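Here are a few exercises to work through with the model open in your viewer. Try each task before you read its solution.

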Amino acid sequence: MPGLDGLTVLRRAREGGSDCALIVMTAFGDSEKTIEAMKLGAFDYISKPFDFKLLVTQVNRAIEQRKLARELRSIQNGGAAPTISKAMVGNSPAMQHVYKLIGQVAASNVTVLVRGESGTGKELVVNAIHYTSGRTERPLVKVNCASIPETLLESELFGHEKGAFTNALYRRIGRFEEASGGTLFLDEVGDLAPAALQSKLLRAVQERVIERLGSNTPISVDIRLIAATSRDLEAAVNAGSFREDLYYRLNVVTIALPPLRERRQDIPALVQHFISRSGSPISITPSALARLCDYRWPGNVRELENVIERALVVARTGVITEGEIQLKTRAEQVDKKWTELAPIEEGLKTNMADLEKNLIERALRQAQGNKTRAAEILGIHRRLLYEKIREYGLEPD
Ligand SMILES: Nc1ncnc2c1ncn2[C@@H]1O[C@H](COP(=O)(O)OP(=O)(O)OP(=O)(O)O)[C@@H](O)[C@H]1O
Ligand SMILES: [Mg+2]
């Protein structure tokens, strides 16, 4: 290394964001340099002359340690532990079906598409598949396609060579390679918009071969692929924004998580689970539990989890009563996303009436009780508004 010494290389590598394992060989084994090298994160600092067997041992140890660090990182990213499959609560027939599917796919390498509204437990399913599969010794790597800017996503997934683009100062291993031997989880795959990226992904999924940006060398990757989405992928396919062939490649086995409101019998067990997980000796009154069972849970299990966590904080008496349970009011829920909240079992008439009532209430509120103004906002005749107000028993105040 003419002009540079090992420490400088090490320092520059770290400054450039590389975390590769570096072993420094040196003629000067003094404490100052040694300490500095180790502070900079050198894996080892070996002074000449040295035994080649020692070097081989250290290289092997470095590889081993990186493997562990990578696994630790993927576990930390997901907050998952190998016991995670036990953490799925709820024995409704719908969830039992989910558990069976997890068991069936775990043993194979089949590609899985996990579907369900936000907060239904998609990530838990992914963890459960990975940690019951034969790939537990290898990493579970998670990529959220919705949260990474489009321009960075390609290099995130496939990696790049040094100089592949401006600012590509170092080679970077992509997530596909990182997941090698393990599981790659593409979260929010329905948000993966760019057509070029979709076709590159198709090839990777189909042939299990990738190329780093700026390189033409194909690299085989041995991965189990799991994708998740809360979107209507079929609609995206029909609209031409999601490749149909990619859709079929990802959708080999589907695991669909039902919304919580369609498996209300799981609510008591979930509530128990979230309470006992906190470790505090707190119980819940039957009427408080009944309220939780009646609610519609637009945010699904995550919302229930949040409601219980809040109740645990404010419950001072060792009991959670209705007073500690704070749900969004019905009106607020309706404001948010009526179409998803309407329970189909209640039928068209009841739902339409509910929606109509809600719209009138909001118009009246906006018009500060002025009925003529409210009728204008709604685009209906004032007399019709009066009728509706009487029908629904609405009082302008
Ligand atoms: N069956 C379950 N048993 C216990 N906890 C659950 C269950 N399902 C979901 N949870 C909890 O609810 C929260 C949301 O779950 P998760 O993150 O898996 O949902 P998601 O479907 O991935 O949501 P999003 O679409 O918003 O990413 C997590 O804290 C999870 O631990
Ligand atoms: Mg998720």
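**Exercise 1. Find which residue of S7 is the bridge partner of Asn144.**

Solution. This is a predicted model, so each step below rests on computed values.
- Step 1: Start at strand S4, which covers 140-144.
- Step 2: Move to strand S7, residues 183-187, which runs parallel to S4 and is joined to S4 by five bridges.
- Step 3: Read off the partner: Asn144 is bridged to Asp187 in S7.

**Exercise 2. Work out the strand order of the sheet and name its edge strands.**

Solution.
- Step 1: Line up the five strands of this open sheet, whose pairing is parallel, and the order reads S4-S7-S10-S3-S11.
- Step 2: Look for strands that pair on one side only; these edge strands are S4 and S11, the latter spanning 253-256.
- Step 3: Check the twist: ignoring direction, neighbouring strands are turned by 20° against each other on average.

**Exercise 3. Describe how S3 and S11 are joined, and which residue of S11 is the partner of Arg115.**

Solution.
- Step 1: Count the bridges between S3 and S11: there are four, and the two strands run parallel.
- Step 2: Follow Arg115 across to its bridge partner in S11, Ala256.
- Step 3: Sort the residues of S11 by face: Val253 and Ile255 sit on the covered face, while Thr254 and Ala256 belong to the uncovered one.

**Exercise 4. Determine which strands helix H4 lies across, and which strands helix H5 touches.**

Solution.
- Step 1: Take H4, residues 93-106, which lies across S3 (112-115), S10 (224-229) and S11. The angle between H4 and S11 is about 150°.
- Step 2: Turn to H5, residues 122-132, which packs on the sheet and touches S3, S4, S7, S10 and S11. The direction of H5 makes about 155° with that of S4.

**Exercise 5. Decide whether Glu303 is buried or exposed, and list its contacts beyond four places in sequence.**

Solution.
- Step 1: Locate Glu303 in helix H13, residues 300-314.
- Step 2: Compare its accessibility with the cut-off: buried means under 20% relative accessible area, so Glu303, at 10%, counts as buried.
- Step 3: Set aside neighbours within four places in sequence; Glu303 is then in contact with Tyr295, Trp297, Pro298 and Lys328.

**Exercise 6. Find how many disulfides the whole structure has, and classify Cys20 and Cys145 by accessibility.**

Solution.
- Step 1: Search the whole structure for disulfides; the result is zero.
- Step 2: Classify Cys20: its relative accessible area is 33%, so Cys20 is partly exposed.
- Step 3: Do likewise for Cys145, which has 3% relative accessibility and therefore counts as buried.

Technical notes. Residues numbered from 1 in each chain as written. Chains lettered and ligands numbered in written order. Predicted model: local features only at pLDDT ≥ 70, side-chain atom pairs only at ≥ 80, totals over all residues. Heavy atoms only, no water. Pairing = 2+ DSSP bridges. Axes fitted to C-alpha atoms, helices over the stretch in contact; angles between N-to-C directions. Contact = heavy atoms within 4.5 Å. Buried < 20%, exposed > 50% of the residue type's maximum accessible area, 1.4 Å probe, protein only. Disulfide = S-S within 2.5 Å.
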